[in-house]
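Biologist: Please take a close look at one part of this model and then place it in its surroundings. I would like the local detail and the chain-level picture in one connected answer.

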Amino acid sequence: MSDSTTTQLPKDRAAEKGMVNVQIDGHWIQVPRGTRMIEACKIAEKEVPHYCYHPKLSSPGNCRMCLVQMGMPARPAPGEEPTYGDDGYQEIGWMPRPVIACANTVGENMGIRTTGDLVEKCREGVMEFLLINHPLDCPICDQAGECRLQEFSVEHGKGESRFKEDKVKKPKNVKIGPRIRLDDERCIMCSRCIRFMDEVADDPVLGFSERGTHTTVGIYPGRELTNNYGLNTVDICPVGALTSNDFRFQMRTWFLKETDSIDTNCGTGANITIWTRGNKIFRITPRQNDEVNSCWIPDSHRLSYTCPTDDDRLTACLIKADGVHEETCWENALDAAADALKQYDANEIAVIASARQTNEELFMMRTLASELGSDRLAIVARAQTPDEMLVSSDKNPNTTGAKLILDDKNPADKMDAICESIRSGQIKAIVVASEDLTEAAQLTNEDLDNLELIVSLNTSASATAQASDIVFPGASSTEKRGSMINVAGRLQKLNAACIPPGDARVDWEAIRDLINALSGEPSNDTPQSIDQLSEIITKSFDVLNDYTLSKIPNSGVTVIETGVSIPLIDRETARKATGEIVG
Amino acid sequence: MATIKVTRPKLTLLEKIYLPAVIKGLCITFMHAIRSMLGKTPGANENFNSSGLGVTMQYPEQKWDDQLPDYYRGVPALVTDEEQRERCVSCQLCEFICPPKAIAIIPDEIESDDPWAKVEKRPKEFDIDMTRCIYCGMCEEVCPEQAIYLRKDYAMTGLSREDMVNDKKRLYEIGGVRTGLVNKWNEIK
Amino acid sequence: MDPFLVLVISTAVKIFIFTFVLILPIIAYSTYAERRVSSIIQDRVGPNRVGIPLTLFGFKKDIPLSGLLQPLADGLKNLLKEDLVPDHVRKFFFTIAPALTAVPAFLTLCVIPFGSQITVFGESIKLVIADIDAGPLFVFAIASLSVYGITFAGWASNNKYSFLGGVRSCAQMISYEIALGLSVIPVLMVFGQLNLSDIVQHQADNGWLLLPLWGEGLTTERILLLIPLFISFVVFTTSIFAETNRMPFDLPECETELVGGYHTEYSSMKFALFFLGEYAAMIVGSALIVTLFFGGWSVGFGLDAAISEMTFGGLIHLGAFLAKVIGFVIFFIWVRWTVPRFRYDQLMKLGWVVFFELALVNIFLTAGIMMLVN
C-alpha cells in the first residue's frame, strides 16, 4: 500500500480530486481544475492587482493590470517521457512575456509569479498608461480613499509620469441618469459598468464609443440610466468615474464608519454596509452574500433609509390631551398607557405587531399580547410586484420570522377580522408597533377615530401616530440590533449603526417597559439586554438552533426551508455553472 | 539596563552643617537680584525689545511682530488665488489630519453656471475652532491645493466660545490672496 | 476715667489697628513682595500693571502704580470667583478648615508687643493687645492649633493628594514644634521671664539678645552665652520655616508631587484664606524672632529710654518693630527663592535627629554657662 502511494505523482493525486497543482511564487498548491489564475493566486493569498476583473461579471481582460508571469513544463518531444524532479513535479519553463491572470485558467504543473522584475515592470507600465489621461483631481474626487487607482499607484506605480503632452479632454459631470453622474476623464475603461448593465441588470444602456486614447464610456443616445440597479455600477467602478448623486460630495469615505447590517425594505433582506459619521448615515452599500444578494442591491432600497437626524423623527413620548400631543417622559407615558389599557377587557384590545419588526421585538409583542390577555395579535401583510431580481413580492422583511415567533401559520389573516371588529366598535383599544395602519391596513382615519385608545410605537409622525393617544418614539432599522428571517428562510442579523434620536428607545426595550408597567412588578426573567432576550428566544424555538444574536454569522444562516428562491441568485448560479463567470 | 553605581561624594563637616552652603546660595541670589535690578543680567537689553528687567518683554506696548520668523505658525486661514477663486476644494484632508479636531468642513457642489464649475467642489462651511487649534501647521502641510496657511496673527480673542470659531468668511478675511501657486484649475491644467 | 473702660476701649482700638490696619496690609503686600522679589531674583518683571483703572470710569489714562494695587485686585478676584465645593468632600470640615488655619495665626498676634507705650489723653497705653505673663507659651499653644485646619482640609477634601499633603503637614508641624519649644528655652532662661513686653523692655535696656552691646556691655557671661543663643536662633528660625510650611519645608503643598497639597480642592476665598493664614503665620513668626532675638520694638544703642520719654515715642518703636519684621519677611522670601525643597525623609531626619538633640543639648549648655559664670 505504501508503495502505491509513494510512487504516485502529485499530478495523479490531484487529478483524483479534480484538482491541479500550481506553483505560485515558489509554493505548490492544489486548486480545482478550471480555476482562473487570479482566483488561484487569491487562494494562495497572493494579491494580483486588477481593475476590470470582477468575479460576478465576465472577464474581458481589458485593463491589463493583472499581468503575471506564467510557466508550463516543456512539451516533450515525440516519444520522450516527461521527467519528474525529486519532488514529483516537472521543471517549469517560464514564458518571457506576461499573461493576464483574470482570463486564463490554471493547468497541471503551471507556475505563476506575482512578483519579480518582469511583473513589477509590467505593472509600472500599465499604471503609467492608465494615468496618462487621468485628471488627478483626487482632492475633489469622491472615490479618494477607496480608489483602486490611488491604491495601486502607491503600491505598483512609478511615482512620476513621462507624459509631457496635453491630456485628452473628455466630458465631465455628465448626468447619465437620475441618480448617477459620469466623469469620463477619470474613467480607465475597465468596462465593469457596461458589463454589469448588460449581464446582471439586463439593461445594456452603457457602451464605449470612439477609439484609442479617445475611447469614452457613454450612454446610448436618447436613453438614461434609470434602471433600479444602476447605482451598483457606482460601487463596482474602481475609480471615481461614476458617482452617486446621493452621496456625491457629502463626505470623504475615510471619515465613515462601516456597520454590517441587512436591508429591511423587502423580504429578501439584502446584506448591506451602513456608512455613518457621528449619528448621520451617509450611504448604504451592498455587502457580498452569495446566498442572498450577490454583490448587488436595488437603488430603491439603497436610497430609502431613516436617519436619526431626519426632521420627521419622533424624539419624545407624546400623550394626547384635548386633541393635542404633548411631550412627556417615559415614566409618565408608560404609566399612562398601562392605566389606560387596564380600563378595557381583554377582548376589547387588539395588538398589531409588524413583520418589519425583528424577531426579538415580535417576541416582546407576543408577550405583551399575553400580558393583556388578548388573542388578537396580527401583523399587516404588505405585498408588491417582484422584479425577478432581488426585490421580493413581500414588502415586509421578516414575515417568515413573524410566522415562527408568533407561532401562527399566517398572522396576517387575522388582520381583516381585527379591522372588521374595529369598524363594528367591538375593539376599543389597540396597541400598534412600527406600522402605519392607514397606509398598510385597510383602515381609514375615521376608523381610527372610532377607537377609544391607540397606543403606538413609531419612528415618525405617521397618520397612526397622529391619531394615537399615547406615542412612544422607537428606533429605525439602522439603530437597532436584532435578527430577521428572510423569504428564503435565512436568519440574518441587524446591527446598530446609529443611536436613536433624543429620547427614543430601541423598540424591544420600549415594549418590555410597557409590559413591566402593565404587570406592575417586573418579573425576574424580564430580559435586561438584547442578548439575554435573544437567548430566551433561541431556547423557545428549536428551529433557531441556538443561534443567538452573537452567534449568527455575518452572512446569516438558513434555518427554515421555505421553498422560495431569489431569482438573481438562481441566474448567477446558472451562469457560474456554464463557466461564464467565476462567481 | 546596566546598574550604575553612584558614589556619594564625601562631605566635610562644614558641608554637612549645610548652613554655609545656604548662606552662599543667599549671596548668589542676592547678587543676582542686584544685577537684575540694574539691568545687567544676561539677556537684558539684548533681544526682543526687552524691558530691561531680565528678558521679559512688556507685551501690549512692545511686540515681537517685526522679529517673527518666516516659519512662525499663527492663526490658520484660507486664501484665494489671484482670480478670487477660493482655493479650497473641500477635500477634508485638513479635517482628517487635525490632531485636536478643530476643523469642521461641510462640502458643497459648485453650480454648473459658476465660472469655476470645472472645479466642482468647494466648502459650504469651513469652521476652525480656535479654542481647539494647537497651531501645529499640519493642515497647511497636508493641503493639496495650497489653500490653508498659518498666518502670523497670534492675538486671537473672543468673548464666547462661539466667537472663537472662525467661519469661512472670517478665514478668508484673515487669509487674503496668494498668487501663483497651483495652476491645476486654470485652462492650462 | 474708669480704668476698666480705658482697658476695654484701648484693647478694642489696639485689636482693630494692629490686625486690620497693620498686619492685614502687611500680609497683602508680602504676597506682592513675594512675587516682585522672586521675579527680580529670577530675571523677570513680576506684577507691575495694576494701578487705578481710571479708563473704566471714562478717563483718558490709568494711573499706573507699578502694580502696587495688585493685592487689592487679587483679593477682589478671590472674592468674586465661584466658590466651588466639590461633591465628594465632607462639607462641614471642608468649610471650617480654611478658617482654622487663618484664625490661630491672627490670634497669636495679641501677645506680640508692637511698641513700648504711648500716652493718649493722659493714659499710658502699652502697644500690646494682651500683656500676659506667658507670651511664648501662648504663641506655641495657639500656633499648633493651625495644624487642625490643614489636617481637616487634607482629610475632608477626599482626594489622595490633599490627604497626603495633610498627613505630611501634620507630621511636619508636630515634629518641628518640639524643636521650636526646646530651642526657645535657653532664651527664656536668659531673660528669666515669659512676659514678652518685659522681655523686649529688658533687651531695650540691656542690649538685644544677639547684639548685647549696650546696657551691661559685653561681659564674659554674655559673650559665652552668645554661642548657645545663636544655636537657639538658628534652630528657632528654621523651625519657624517648617511651622509655616515655607520653602524649603513646603512639602505639604509641594506642587511637583502633590498637585497643590491640602488646598488642591479649594477655590476662591477659601483658597485665599489658606494663603492669608500662611503669610500671617510667617509674619507672626518673624515678629516672634524679632521679639526674642532682635530686641522687638527696641531701636537699640541706648536710645530707647529717651524715645520712651516722648509722648508718641511708642510710634517710633512701632516703626522700628515693623521695619525689623518686614526685613525678616523679605528674608523668608529670599530663602524661598534660593534653597531647594528638602526630601521628606531629610526633613524628618533634620527635625528629629538633629534639631531635637541640638536644642536639648543647648539647654544644658546654656544652663552650664550661666551656672559656671555665676
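Modeller: Buried residues account for 38% of the 189 residues of chain B. This is a predicted model, and what follows should be read as such. Chain B is built from five helices and five strands, and from the N terminus on its elements run α-α-β-α-β-β-α-β-β-α. Among the contacts of chain B with a separation of 6 or more, 64% are between residues 24 or more positions apart. The surface that chain B exposes is about 12,200 Å², with 57% supplied by carbon and sulfur atoms.

One residue of chain B deserves a close look. Gln92(B) sits in the loop between strand E1 (76-78) and helix H3 (93-97) of chain B. Its phi is near 65°, a positive value in a residue other than glycine. Gln92(B) counts as buried because its relative accessibility is 1%, and the limit for buried is under 20%.

Chain A has a residue to set beside this one. Phe249(A) is not a glycine either, and its phi is positive, about 60°. Phe249(A) is placed in the loop between strand E11 (242-244) and strand E12 (257-262) of chain A. With a relative accessible area of 3%, Phe249(A) is buried.

As for how the chains meet, two pairs of chains are in contact, and chains A and B share the most contacts. Chain A and chain C do not touch, and their nearest C-alpha atoms are 27 Å apart.

The aromatic rings come next. Over all chains, a search of the whole structure finds 35 aromatic pairs. One of them joins Trp28(A) and Tyr89(A), which are stacked, with 3.7 Å from centre to centre and 0° between the planes. Trp28(A) belongs to strand E2 (residues 27-32) of chain A, while Tyr89(A) belongs to the loop between strand E3 (67-73) and strand E4 (92-94), so the pair ties together parts that are 61 residues apart in sequence. The two partners fall into separate classes of accessibility: Trp28(A) is partly exposed at a relative accessible area of 24%, whereas Tyr89(A) is buried at 15%.

Another pair is formed by Phe328(C) and Phe331(C), whose ring centres are 6.1 Å apart and whose planes stand at 75°, so this pair is edge-to-face. Here both residues lie in helix H12 (residues 313-336) of chain C, three residues apart, which is about one turn of the helix. Phe328(C) counts as buried, at 13% relative accessibility, and Phe331(C) counts as partly exposed, at 24%. Both residues are members of a cluster linked by ring pairs. Phe30(B) is in that cluster together with residues of chain C, including Phe230(C), Phe233(C), Phe293(C), Phe332(C) and Trp334(C).

That brings in chain C as a whole. Chain C has 13 helices and two strands. Its radius of gyration is 22 Å and the globule rule gives 21 Å for 374 residues, so chain C is as compact as a globular protein of that length. Taken along the principal axes, its C-alpha atoms fill a box of roughly 65 × 55 × 45 Å. In chain C, 51% of the 374 residues count as buried. Of the contacts in chain C between residues at least 6 apart in sequence, 74% join residues at least 24 apart.

The surface and charges of chain C complete its outline. Its accessible surface comes to about 16,900 Å², and 72% of this belongs to carbon and sulfur atoms. Chain C carries 22 positive and 27 negative side chains, and the centres of the two sets lie 12 Å apart.

One glutamate gives a last local example. Glu309(C) lies in helix H11 of chain C, which spans residues 304-309. Its relative accessible area is 69%, so Glu309(C) is exposed, the limit for exposed being over 50%. Measuring C-alpha to C-alpha, Glu309(C) and Gln117(C) are 9.6 Å apart in space, although 192 residues separate them in sequence.

Methods. Residues numbered from 1 in each chain as written. Chains lettered and ligands numbered in written order. Predicted model: local features only at pLDDT ≥ 70, side-chain atom pairs only at ≥ 80, totals over all residues. Heavy atoms only, no water. Helix = DSSP H or I, 4+ residues; strand = E, 2+ residues; numbered from the N terminus. Buried < 20%, exposed > 50% of the residue type's maximum accessible area, 1.4 Å probe, protein only. Rg over C-alpha atoms; globule rule 2.2 N^0.38 Å. Contact = heavy atoms within 4.5 Å. Areas by Shrake-Rupley, 256 points an atom, 1.4 Å probe, with all protein chains shown as cover. Lys, Arg positive; Asp, Glu negative; His and termini not counted. Charge placed at Lys NZ, Arg CZ, Asp CG, Glu CD. Phe/Tyr/Trp six-rings, centres within 6.5 Å; stacked < 30°, edge-to-face > 60°.
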